[in-house]
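Me: Got a model up on my screen and a few things to ask about it. Mind going through it with me?
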Amino acid sequence: MDLTLSQMMTKRSEIKKKINLIIDLQKNGVESSEILKVMEEVDRQIFLEESLKPKSYENIALPIDCGQTISQPLIVALMTQYLDIKKEMRILEIGTGSGYQTFILSKLARFVYTVERHKFLSIKAYNLLKELGVSNVFCKHGDGGLGWKDQAPFDRIIVTACAQDIPGRLVEQLSENGKMIVPIGDEHNDQILKKISKKEGKLIVHDLVNVRFVPLIEGKEN
Ligand code: SAH
């Protein structure tokens, strides 16, 4: 495909922004070369509305439909790193949102089950992932607080909305030796990202970093 000079300049500036973003991730604790590679390969623009596309490689959360947000790339990369995913694993994600984190998980795991309470977002993400040729993601419109019982247990669970307490239903759906990453706190303050590991039926909880997420809300929206 032949590009005009202005298209070439735009492309070059995009590549530069992307490289800067990857350097930023590395500087801020993303050490896994596999995750850095996936972050580099994934085009965040695809998950954004037209007017926000120029901001896609800025390391910030941005608005999406239904008053929600696409997560900040650094937080997506760190949460993915904390999950410690192995290729054969089955992952449960709560809060599909734009599908950006889902897409990254799909590159690293065997299967991803993702639940979103807004029907509009769930369908949009499903269609987008299908367009991108993703075949190992299952999308569900529902209350993620309830998990996905039929498909449990999961090797890893990631919650991309902030819960007030460790969600009990999700803990039940975590396999032995499983790990869950979940932001805990209230929506108006910094929240603490927690890692919950299940060992011999017991839970081990670690505090990771401060984060800001939209709240996990009970029920679903049509
Ligand atoms: N990882 C997503 C983040 C989306 S923001 C991205 O990068 O695009 C968090 C999402 O969680 C929102 O879309 C919100 O609607 C959803 N959410 C909040 N409470 C939920 C619940 N109980 N069940 C399922 N999804 C929920």
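Me: What does T160 do around the ligand, how far is its polar side-chain atom from a ligand nitrogen atom?
Reply: In this predicted model, that T160 atom lies 3.4 Å from a nitrogen atom of the ligand, which is a polar contact (a pair of N or O atoms within 3.5 Å).

Me: And D143 and I217?
Reply: The side chain of D143 has an N or O atom 3.0 Å from a ligand nitrogen. For I217 a polar backbone atom is 2.6 Å from a nitrogen of the ligand.

Me: How much of the ligand's accessible area is covered?
Reply: The protein covers 99% of the 580 Å² that the ligand has on its own (Shrake-Rupley, 1.4 Å probe).

Me: Which residues come nearest to the ligand?
Reply: S98, E116, D143, G144 and I217, out of 24 around the ligand (a heavy atom within 4 Å).

Me: New topic. Where's the cis peptide bond?
Reply: Between A152 and P153, with omega about 0°. P153 is in the loop between β5 (137-141) and β6 (154-159); strands are DSSP E runs of at least two residues.

Me: What's up with phi at N177?
Reply: Phi is near 70°, positive though N177 isn't glycine. Most residues other than glycine have a negative phi. N177 lies in strand β7 (residues 174-184).

Me: Any fine print?
Reply: Residues count from 1 along each chain as its sequence is written, and side-chain values use heavy atoms, leaving out hydrogens and water. As a predicted model, local features need pLDDT of at least 70 and side-chain atom pairs 80 or more, while totals for chains, interfaces and linings use all residues.

Methods. Polar contact = N/O pair within 3.5 Å; in protein donor to acceptor, adjacent residues only side chain to side chain. Helix = DSSP H or I, 4+ residues; strand = E, 2+ residues; numbered from the N terminus.
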